[in-house]
Amino acid sequence: MSLFALPPIPDVPVKGETEGYPVRRIFCVGRNYAAHAAEMGNEVDREAPFYFTKSPAHLVLSGATLPYPPGTEDYHHEMEFVVALGAPVFRCTPDEGAAAVYGYATGLDMTRRDRQGEAKDKRRPWSLGKDVEGAAVIAEITKAAEFGTVSDQAIRLTVDGETRQDATLTELIHKVPDVIAHLSQYYHLGPGDLIYTGTPAGVGAVTAGSTLEGTVDGLAPVVLTLGDPE
Ligand code: MN
């Protein structure tokens with residue numbers, strides 16, 4: 001018995017399954033598309049990927065309406081291709097990493113860009129910028145076998161019907177198997193681990209009343225609506 005009950009973390013729906021995918025951890029890759037790294041004023045580091053994490057308690061399912069978050073005047077969308085792991089891997093090869101993928105989903109890495117920018121300037125952690133309540137949005141998972149090979153699928157985001165991000169998965173600098181292999185040098189990865197693989201160019205601010213819709217060819221779209229601030 002626990003002393004008190006915590007709010008449940010929602011299982012992610014899986015296409016073709018009645019049971020959902022429970023989430024344990026949320027890893028996010030930074031600067032994984034060259035054009036986005038450039039728009040943020042960074043050079044592309046092809047040496048190794050880097051990561052930040054989001055609290056699983058901040059996971060939200062597609063279709064939600066959330067208040068515009070506190071503590072920001074510059075809340076940004078980042079449309080992402082999300083990998084859901086289905087088998088344990090530790091210090092794995094890229095081939096072993098690829099074999100450990102359960103499925104894929106569309107997701108949004110919502111970001112307080114003003115807080116992230118201050119953190120970068122002051123060489124502080126990104127938590128206030130990235131680990132925002134409700135800022136890890138995810139849609140239904142499609143199993144890897146149904147999705148097929150990650151290649152030139154389009155990844156796009158519209159805000160109130162206007163296209164903001166439009167790229168393809170071929171533009172990923174660090175490919176999915178390589179990211180899993182690299183991350184597995186540091187973590188015992190396994191079922192319940194999500195990896196947000198980074199965002200293409202075109203990130204920008206949203207406002208109260210905005211509706212975001214993100215798509216990747218072959219996956220269910222991710223939708224988020226922002227209401228008025230609390
Ligand atoms: Mn991101």
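The accessible surface of this chain comes to about 11000 Å², and 51% of that surface belongs to carbon and sulfur atoms. The model is a predicted one, and in it the chain is built from 6 helices and 16 strands. Its radius of gyration is 17 Å, close to the 17 Å that the globule rule gives for 230 residues, so the chain is as compact as a globular protein of that length.

**Overall form**

- Along its principal axes, the C-alpha trace of the chain spans about 50 × 45 × 35 Å.
- Of the 230 residues in the chain, 48% are buried.
- Among the contacts with a separation of 6 or more, 79% are made by residues that lie 24 or more positions apart.
- The chain carries 19 positive and 32 negative charges, and the mean positions of these two sets are 6 Å apart.

**The nonpolar cores**

- In soluble globular proteins, nonpolar side chains tend to be buried together.
- The largest nonpolar core in this chain has 44 residues, and those with the most contacts inside it are Phe81, Leu108, Met110, Ile180 and Ile195.
- Several elements each supply at least two residues of this core, including the strands β1 (25-29), β7 (101-109) and β16 (222-227) as well as the helix α6 (176-183), and it is α6 that gives the most, with 5 residues.
- Leaving aside neighbours within four places in sequence, leucine 108 is in contact with residues from several parts of the sequence, among them Met79, Ala135, Leu157, Tyr196 and Leu224.
- Another core, of 18 residues, lies apart from the largest one, and its members include Val12, Ile26, Val82 and Trp126.

**Helix α6**

- This helix is mostly covered, since 6 of its 8 residues are buried, namely Val176, Val179, Ile180, Ala181, His182 and Leu183.
- The cover over the buried residues of α6 includes the strands β1, β2 (51-54), β6, β7 and β13 (193-196), together with the helix α2 (94-99).

**Two arginines with positive phi**

- Most residues other than glycine have a negative phi.
- Arginine 31, found in the loop between β1 and α1 (34-39), nevertheless has a positive phi, near 45 degrees.
- With a relative accessible area of 27%, arginine 31 is partly exposed.
- Arginine 91, whose place is in the loop between β6 and α2, also has a positive phi, of about 50 degrees, although it is not a glycine.
- Arginine 91 has a relative accessible area of 58%, so this residue counts as exposed.

Methods: Residues numbered from 1 in each chain as written. Predicted model: local features only at pLDDT ≥ 70, side-chain atom pairs only at ≥ 80, totals over all residues. Heavy atoms only, no water. Helix = DSSP H or I, 4+ residues; strand = E, 2+ residues; numbered from the N terminus. Rg over C-alpha atoms; globule rule 2.2 N^0.38 Å. Buried < 20%, exposed > 50% of the residue type's maximum accessible area, 1.4 Å probe, protein only. Contact = heavy atoms within 4.5 Å. Areas by Shrake-Rupley, 256 points an atom, 1.4 Å probe, with all protein chains shown as cover. Lys, Arg positive; Asp, Glu negative; His and termini not counted. Charge placed at Lys NZ, Arg CZ, Asp CG, Glu CD. Core = buried A, V, L, I, M, F, W, Y, C linked by side-chain atoms within 4.5 Å.
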